[in-house]
Amino acid sequence: MTDLAAVKRALAAQRIETPSWAFGNSGTRFKVFAQPGVPRTPHEKIADAAVVHRFTGVAPTVALHIPWDKVDDYAELTAYAKSLGVGVGAINTNVFQDDDYKLGSVTNPDPAVRRKATDHLLEAIGIMDQTGSRDLKLWFSDGINYPGQDDLTNRQDRLAAALRETYDRLGPDQRILLEYKLFEPAFYATDIPDWGTSYAHCLELGEKATVCIDTGHHAPGTNIEFIVAFLLRQKKLGAFDFNSRFYADDDLMAGAADPFQLFRIMYEIVRGGALDPAYGINFMLDQCHNIEAKIPAIIRSVMNIQEATAKALLVDRDALAAAQNSGDVLDSNAVLMDAYNTDVRPLLAEVRTDLGLDPDPVAAYKRSGYQEQIVADRVGGTQAGWGA
Ligand code: LRH
Ligand code: MN
């Protein structure tokens with residue numbers, strides 16, 4: 001029998017990290033639609049992240065992206081975040097927007113370019129020393145567009161050398177989250193295209209290197225929860241970049257395109273005992289709100305992850321094990337589907353009420369007037385964006 005009080009405690013203790021860049025303008029190669037009220041500075045992005053935490057109660061950290069969130073004083077930025085009730089989370093590097101990185105960053109044939117890229121990774125650790133962040137999130141757009149363009153093995157050697165130098169610079173409580181992505185912007189071979197490549201590099205580096213699963217970075221039809229189960233068993237799963245997609249790296253709201261997949265992923269997390277923040281997985285969002293209002297979209301995304309998690313926590317584990325061990329295919333599936341088909345919104349409303357929050361965060365946000373306030377206040381200046 002499921003212990004509902006334990007389920008509610010686990011949901012109240014859930015922690016989801018928001019991405020600073022999701023509060024800024026974003027789009028596609030066709031168009032970036034600017035929105036009124038979008039933040040102009042890292043401080044304003046952090047203020048918006050604090051509002052997501054104020055209404056959800058489970059999003060107390062915000063990931064930064066360098067140089068999009070570059071400031072003169074990271075200790076001051078961290079103190080500002082603290083004053084709003086949030087902390088600075090993962091530090092994301094960016095070696096995908098500089099002209100020098102056309103043929104690659106840490107994998108570039110030119111050693112001077114590799115040096116420049118590696119120095120950026122080391123600079124990011126310097127920033128972590130100031131913000132108190134544990135996680136260095138590395139994603140490399142590195143890859144090639146045509147067979148023969150470069151040597152696949154030489155590029156792996158170059159990548160390994162840069163990762164080694166970066167890993168050796170980490171402080172005792174710091175770690176690497178190594179993200180993979182099947183394609184884009186490279187369209188023939190990406191240097192870290194899949195979980196296996198990231199996992200192999202993390203094994204080569206050491207225990208402070210773990211894999212980051214971005215749910216939008218797989219070939220269609222990939223069984224992501226299998227990757228989760230496998231990496232948990234290997235103690236090499238460090239983080240998620242949650243979003244959803246219908247086709248490619250669409251970066252839509254987590255759970256919007258495939259709530260059943262998100263449930264299956266969170267079930268493997270619960271089954272692996274990895275939901276508790278103490279286990280150490282960083283559950284992050286990585287999304288772009290190209291046409292929808294950004295703050296309510298992020299609040300909705302946090303709620304979608306909470307709903308998937310609540311359903312996963314309601315799986316009758318004893319009944320499932322009994323059916324699985326007796327080879328009862330239909331009953332096994334039925335036990336999981338019973339949980340998935342459970343309406344957990346009343347349960348989550350109770351959890352929020354117990355936390356002193358409004359049971360409906362999106363409605364509460366709309367009533368707060370914050371959206372109207374930032375539209376009125378944030379006039380002039382340059383709106384934040386990817387600047388691509
Ligand atoms: C790459 C990615 C990566 C971030 C970027 C904003 O597609 O998922 O995690 O650096 O988006
Ligand atoms: Mn990502």
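Is E179 buried or exposed? In this predicted model, E179 is buried, since its relative accessible area is 3% and the cut-off for burial is under 20%. That residue makes a good doorway into the structure, so let us begin with its partner and then move on to the open spaces.

## Salt bridges

E179 pairs with K137 in a salt bridge, and their closest N and O atoms are 3.3 Å apart. The two residues sit in distant parts of the chain, with E179 in strand β6 and K137 in strand β4 (residues 135-138), 42 residues apart. K137 is buried too, with a relative accessible area of 3%.

The count for the model comes to 26 salt bridges. One of them joins E123 to K70. E123 belongs to helix α4 (residues 111-131), while K70 lies in the loop between β2 (61-65) and α3 (74-83), so this pair ties together parts that are 53 residues apart in sequence. E123 counts as partly exposed because its relative accessibility is 33%.

A further pair is formed by E307 and R300. Here E307 is buried at 17% relative accessible area, whereas R300 is partly exposed at 28%. The table sets out the closest N and O distances of these three pairs.

| Acidic residue | Basic residue | Closest N and O atoms |
|---|---|---|
| E123 | K70 | 3.1 Å |
| E179 | K137 | 3.3 Å |
| E307 | R300 | 2.9 Å |

Salt bridges also link R40, E44, D48 and R378 into a network.

## Pockets

Now for the open spaces. The largest pocket has a volume of about 1200 Å³. It is lined by 37 residues, and the closest to its centre are G27, T28, K181, E184 and W386. Sorted by class, this lining has 14 nonpolar, 13 polar and 10 charged residues.

The second largest pocket has a volume of about 310 Å³. Of its 16 lining residues, Y101, K102, L103, G104 and P185 are the closest to the centre. Six nonpolar, six polar and four charged residues make up that lining.

## Cavities

Which spaces are closed off? A search of the whole structure finds two cavities of 30 Å³ or more. The largest cavity holds about 70 Å³ of space. Its lining includes F23, Q35, P36, G37, V38, P39 and D48, together with K294, I295, Q371 and I374. Helices α9 (294-313) and α14 (370-377) are the elements that give two or more residues to this lining. The residues around the largest cavity divide into six nonpolar, three polar and two charged. D48 therefore appears twice in this account, once in the cavity lining and once in the salt-bridge network.

The second largest cavity has about 40 Å³ of space. Among the residues that line it are S20, W21, G24, N25, K45 and W68, and A384, G385 and W386 also take part. Its lining has four nonpolar residues, four polar and one charged. W386 is thus a residue to look at in both places: it lines the second largest cavity and is one of the residues closest to the centre of the largest pocket.

## A nonpolar surface patch

Finally, turn to the surface. L182, F183 and F187 form a nonpolar patch there, and together they have about 280 Å² of accessible area. F183 lies in the loop between β6 (175-179) and β7 (189-190). With a relative accessibility of 35%, F183 counts as partly exposed.

Methods: Residues numbered from 1 in each chain as written. Chains lettered and ligands numbered in written order. Predicted model: local features only at pLDDT ≥ 70, side-chain atom pairs only at ≥ 80, totals over all residues. Heavy atoms only, no water. 1 Å grid on protein atoms, 1.4 Å probe; cavity = no way out; pocket = protein on both sides within 12 Å on 5 of 7 lines; lining within 4 Å. Points joined across faces, edges and corners; volume = space filled by probe spheres on them. Nonpolar A, V, L, I, M, F, W, Y, C, P; charged D, E, K, R; others polar. Patch = residues over 30% accessible without salt bridge, like charges linked within 9 Å, V, L, I, M, F, W, Y side chains within 5 Å. Areas by Shrake-Rupley, 256 points an atom, 1.4 Å probe, with all protein chains shown as cover. Salt bridge = Lys/Arg side-chain N within 4 Å of Asp/Glu carboxyl O. Helix = DSSP H or I, 4+ residues; strand = E, 2+ residues; numbered from the N terminus. Buried < 20%, exposed > 50% of the residue type's maximum accessible area, 1.4 Å probe, protein only.
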